[in-house]
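Hi,

Here is the model I said I would pass on. Have a look at it first, then read my notes underneath.

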Amino acid sequence: MTIQVAKLSDPAVRAFVTAVNAHDLDAFQALLAPGATMSDDGTDRDLADWTDREIFSSHGHMDVDNESNGGHSLIARYSNDTWGEMKTKWSFTVDDGGKISRFETGQA
């Protein structure tokens, strides 16, 4: 069963999923702490290049199935125009100012 985005526990993670699903690059970038980093399947990636390719230019969309760790870990069905739909895991580090300083994703 999908969790409604509005019911996700952590405000930064909720805003992240909202920005991804709305294809709102400006809102997405506003959520990130300066120097934010990310990894995909355990390999660090260039955040701007990866998000452009895997989210924004390919119409990425997240349907969250489960959250844990205070809302900082998600299991989601992620889809985009490049890869179709896959079950993914997401882990977020949120700094004291409520900005995302790192996220990690990969197949679940």
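Below is what came out of it, going from a helix to the rings to the strands.

Some ground rules before that. This is a predicted model, so local features need pLDDT of at least 70 and side-chain atom pairs count only at pLDDT 80 or more, while totals for chains, interfaces and linings use all residues. Residues are numbered from 1 along each chain as its sequence is written, and side-chain values use heavy atoms, with hydrogens and water left out. Helices (H or I, at least four residues) and strands (E, at least two) are DSSP runs, numbered from the N terminus.

Helix α1 covers residues 11–22. The expected span of a helix is 1.5 Å times one less than its number of residues; for the twelve residues of α1 that gives 16 Å, and the end C-alpha atoms are indeed 16 Å apart. At the N-terminal end, D10 acts as the cap, with a side-chain oxygen 3.0 Å from the backbone nitrogen of A12. After the helix comes H23, with a positive phi near 55°.

Which residues of α1 are buried? They are A12, V13, F16, V17, A19, V20 and N21. Buried means under 20% relative accessible area, exposed over 50%, and partly exposed in between (1.4 Å probe, protein chains only). The cover over those buried residues includes α2 (25–31), α3 (47–56), β3 (61–68), β4 (73–80), β5 (84–94) and β6 (100–107).

Now the aromatics. Rings of Phe, Tyr and Trp (its six-membered ring) pair if their centres lie within 6.5 Å; planes under 30 degrees apart count as stacked, over 60 as edge-to-face and the rest as tilted. By that rule there are twelve aromatic pairs. Take F28 and F56: the ring centres are 5.2 Å apart and the planes are at 70°, so this one is edge-to-face. The pair links distant parts of the chain, since F28 sits in helix α2 and F56 in helix α3, 28 residues apart. Both F28 and F56 are buried. W90 and F92, on the other hand, are stacked, because their centres are 6.4 Å apart and their planes are at 10°. W90 is buried at 3% relative accessibility, and F92 is buried at 3% too. Ring pairs tie F16, F28, W50, F56, Y78, W90, F92 and F103 into a cluster.

On to the strands, where two count as paired if DSSP finds at least two bridges between them. β5 and β6 run antiparallel with seven bridges, and F92 has F103 in β6 as its bridge partner. The two strands form a hairpin with five residues between them, and G98 in the turn has a positive phi of about 80°. D96 also belongs to the loop between β5 and β6; its relative accessible area of 86% makes D96 exposed.

On β6 there is also a parallel pairing with β1 (residues 32–40), over five bridges. Here S39 stands opposite E104. R102 lies in β6 as well, and its side chain makes a 2.9 Å polar contact with that of E104 (a pair of N or O atoms within 3.5 Å; within protein, one must be able to donate a hydrogen and the other to accept it, and residues adjacent in sequence count only if both atoms are side-chain atoms). Leaving aside neighbours within four places in sequence, R102 is in contact (heavy atoms within 4.5 Å) with T37, M38, S39, D44, S91, F92 and T93.

Cheers
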